[in-house]
Amino acid sequence: MYEIIEKASYYYEIKNSKFYSFIYNVKSVDDVNNILNDLKEKYKKATHYTYAYKIDNIIKKDDDNEPSGTAGSPILNIIEKNNLDNVLIVVIRYFGGIKLGAGGLIRAYSLAAKNVINSENLRKIEKKEKIEIKTNYKELDRILSLINKDNIIDKKFDENIVLTVSITKKDKEKLIKNNITFKNL
C-alpha cells in the first residue's frame, strides 16, 4: 500500500470541458468533508464535484450527477490500481457544452485521476500492529530511543510505565534484539 505525501493537482480540457483533479492524503471522513467543502467554495461555478476515497476499509465514490458509474467508479479504479490508501481524489468538471458520452466520461475521469498521481509523491505504508510495553522509570529512556515517539498511542505512569505503541515489524524486531519485552494487543 502507498499513500500520498502531499496534495497535488492536474488540469486538462477535452471538447471544451475543463477537468481539475486533486489528490490528498486523508486520515478521516472529516478530512474528506472539509476538503470537499473547501473545493466547492473555491470552484463555485463548477458543474460536477466527483470523487473517490479510501481510508483503511472505508471506501466511497460519488458521480455527482454524472451518469451512474462514469466518474466515481473510474476514479476509485485508479486508486485501487495504484494500491493507494488514506487518499482522496477529487475531479471537478466545468461542462463545456459538448456531451462526451458514457465512454468519453469514463476515459476523461480516469485520465484526470491517473495524471494527478505522481510516483515521486508516494510513500509506502508500513503495516503496524499494537503492542504494550511495561517498564520501569529507569528503562524508559532506553525504550524510547528504540521506538518512534510519534507511534505511542497511550502512556500510563504509575509504579511502572505502560506504553501502548503502534509499531512496524522492523521496530518490533529492534525491541526483541534489545531484550525489551512486550505483549501483542
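Which residue in strand 10 is the bridge partner of Lys 156? The partner is Val 162. This is a predicted model. Two open sheets organise the strands described here: one has five strands in the order 2-3-6-4-5, and the other has four in the order 9-10-8-11. Both are antiparallel in their pairing.

**The five-strand sheet**

- Strand 2 (8–14) and strand 5 are the edges of the order 2-3-6-4-5. Each has a single partner strand, so one side of each has no neighbour in the sheet.
- From one strand to the next, the twist averages 15 degrees.
- Helix 1 (residues 29–42) packs on this sheet and touches strand 3, strand 4, strand 5 and strand 6. Its direction makes about 160 degrees with that of strand 4.
- Helix 3 also packs on the sheet, with strand 2, strand 3, strand 4 and strand 6 as its contacts. The direction of helix 3 makes about 150 degrees with that of strand 2.

**Strand 6 and its partners**

- Strand 6 (residues 87–94) is mostly covered, with seven of its eight residues buried.
- Eight bridges pair strand 6 with strand 3 (residues 17–25) in the antiparallel sense. Within this strand 6, Tyr 94 is the bridge partner of Lys 18.
- Strand 4 (residues 48–55) pairs with strand 6 over seven bridges, again antiparallel.
- Val 91 of strand 6 is the bridge partner of Thr 50. Val 87, also in strand 6, is the bridge partner of Lys 54.

**The hairpin of strands 4 and 5**

- Strand 4 and strand 5 (residues 58–62) run antiparallel and are joined by five bridges.
- Opposite Tyr 51 stands Asp 62 in strand 5.
- The two strands form a hairpin, and two residues lie between them. Asp 56, in the turn, has a positive phi of about 55 degrees.

**Nonpolar cores**

- The largest nonpolar core has 22 residues. Ile 23, Ile 75, Ile 79 and Ile 89 have the most contacts inside it.
- Strand 3, helix 2 (72–81), strand 6 and helix 3 (101–116) each supply at least two residues of this core. Helix 3 gives the most, with six residues.
- Another core lies apart from this one and has 16 residues, including Val 32, Ala 46, Leu 88 and Ile 92.
- Ile 23 has many partners beyond its neighbours within four places in sequence: Ile 4, Lys 7, Ala 8, Leu 84, Val 87, Leu 88, Ile 89, Val 116 and Ile 117.
- In soluble globular proteins, nonpolar side chains tend to be buried together.

**The four-strand sheet**

- Strand 9 (152–157) and strand 11 (183–184) are the edge strands of the order 9-10-8-11, and each pairs on one side only.
- Strand 9 and strand 10 run antiparallel and are joined by five bridges.
- Helix 5 (residues 169–177) lies across strand 8 (128–135), strand 10 and strand 11. It runs at about 135 degrees to strand 10.

**Thr 168**

- Thr 168 belongs to strand 10 (residues 161–168).
- Is Thr 168 buried or exposed? Its relative accessible area is 7%, and buried means under 20%, so Thr 168 counts as buried.
- The Thr 168 side chain reaches the backbone nitrogen of Asp 171 at 3.2 Å.
- Leaving out residues up to four places away in sequence, Thr 168 touches Glu 126, Lys 127 and Lys 128.

Conventions. Residues numbered from 1 in each chain as written. Predicted model: local features only at pLDDT ≥ 70, side-chain atom pairs only at ≥ 80, totals over all residues. Heavy atoms only, no water. Buried < 20%, exposed > 50% of the residue type's maximum accessible area, 1.4 Å probe, protein only. Polar contact = N/O pair within 3.5 Å; in protein donor to acceptor, adjacent residues only side chain to side chain. Contact = heavy atoms within 4.5 Å. Pairing = 2+ DSSP bridges. Axes fitted to C-alpha atoms, helices over the stretch in contact; angles between N-to-C directions. Core = buried A, V, L, I, M, F, W, Y, C linked by side-chain atoms within 4.5 Å.
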